[in-house]
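Visitor: I would like a close look at one part of this protein. Please keep it brisk.

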Amino acid sequence: MMSNYADKKYEVFNLFEKQWALVTAGNVDDFNACTVSWGSMGTIWTGKNGKGSAITVYIHPARHTLKFMQENEYFTVSFFDKSHRKALAVMGTKSGRDGNKVAEAGLTPVPMAEGGMTFAEANFTFLCRKVYQHPFAKEGLAEDVQTYYATHPREFPQDEDGNWQPHWMFIGEIVATKET
């Protein structure tokens, strides 16, 4: 069921932190998703829809989903209730490079009519048109954030040269929502 997201009251400070989310990019034939707990909602440039409502998500370069985010115009951010925590843990710890983590997580992919992919188990999904993407510059990060990256190699895998890599930022203009 499509809804007007502007009429809803979302607890934006709790959505990513407390509920987690799946960010998905691609199409029904070739997509990938990963769990994110970092994100924000707000307004930025007035886009095609003239509303400027946006979601910002952050994807680490080690994630297979990064390639899909870079190559596709649209992405989705889907939120789930606590009963799906184990499924989101699978989606956050397994790689789509190595197998079908969606099936392993027990999720049911569903294409959105407007484009993008969501999951039947999601409470609600935002479909976003990508309006900006860029990697964070290491030197632009606060020293304590740089130290955190460098001292948590399990969370932030190093590149082939043994260096930590900062996340990529993606800003998407919200163009549609889907609620179950």
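Visitor: Which residue in strand 9 does Ile55 stand opposite?

Guide: Ile55 stands opposite Gly172 in strand 9. Before we go on, a word on the model. It is predicted, so local features need pLDDT of at least 70 and side-chain atom pairs count only at pLDDT 80 or more, while totals for chains, interfaces and linings use all residues. Residues are numbered from 1 along each chain as its sequence is written, and side-chain values use heavy atoms, leaving out hydrogens and water.

Start with the home of Ile55. Strand 4 covers residues 53-59. Strands are DSSP runs (E, at least two residues), as helices are (H or I, at least four), and both are numbered from the N terminus. Seven of the seven residues in strand 4 are buried, meaning under 20% relative accessible area with a 1.4 Å probe and protein chains only; exposed is over 50%, and partly exposed lies in between. In a regular strand, side chains alternate between the two faces of the sheet. Here, Ser53, Ile55, Val57 and Ile59 point one way. Ala54, Thr56 and Tyr58 point the other way. Both groups are buried.

Now the partners. Two strands pair if DSSP finds at least two bridges between them. Strand 4 is joined to strand 9 (residues 168-179) by six bridges, and the two run antiparallel. Five bridges join strand 4 to strand 3, again antiparallel. Within that pairing, Ile55 is the bridge partner of Met41.

Step back to the sheet. It is open, with seven strands in the order 2-1-5-8-9-4-3 and antiparallel pairing. Strand 2 (30-36) and strand 3 (39-43) are the edges: each has a single partner strand, so one side of each has no neighbour in the sheet. From one strand to the next, the twist averages 30 degrees. Helix 3 (residues 85-93) packs on this sheet and touches strand 1 (21-27) and strand 2. Its direction makes about 110 degrees with that of strand 2. Axes are lines fitted to C-alpha atoms, for helices over the stretch in contact, and angles run from 0 to 180 degrees between N-to-C directions.

Further along the order, strand 5 (residues 74-79) meets strand 8 (residues 124-135) through six bridges. There, Val77 has Phe126 as its bridge partner.

Finish at strand 2, where Ala33 sits. Ala33 is buried, with a relative accessible area of 1%. Beyond its neighbours within four places in sequence, Ala33 is in contact (heavy atoms within 4.5 Å) with residues including Val23, Thr24 and Met91.
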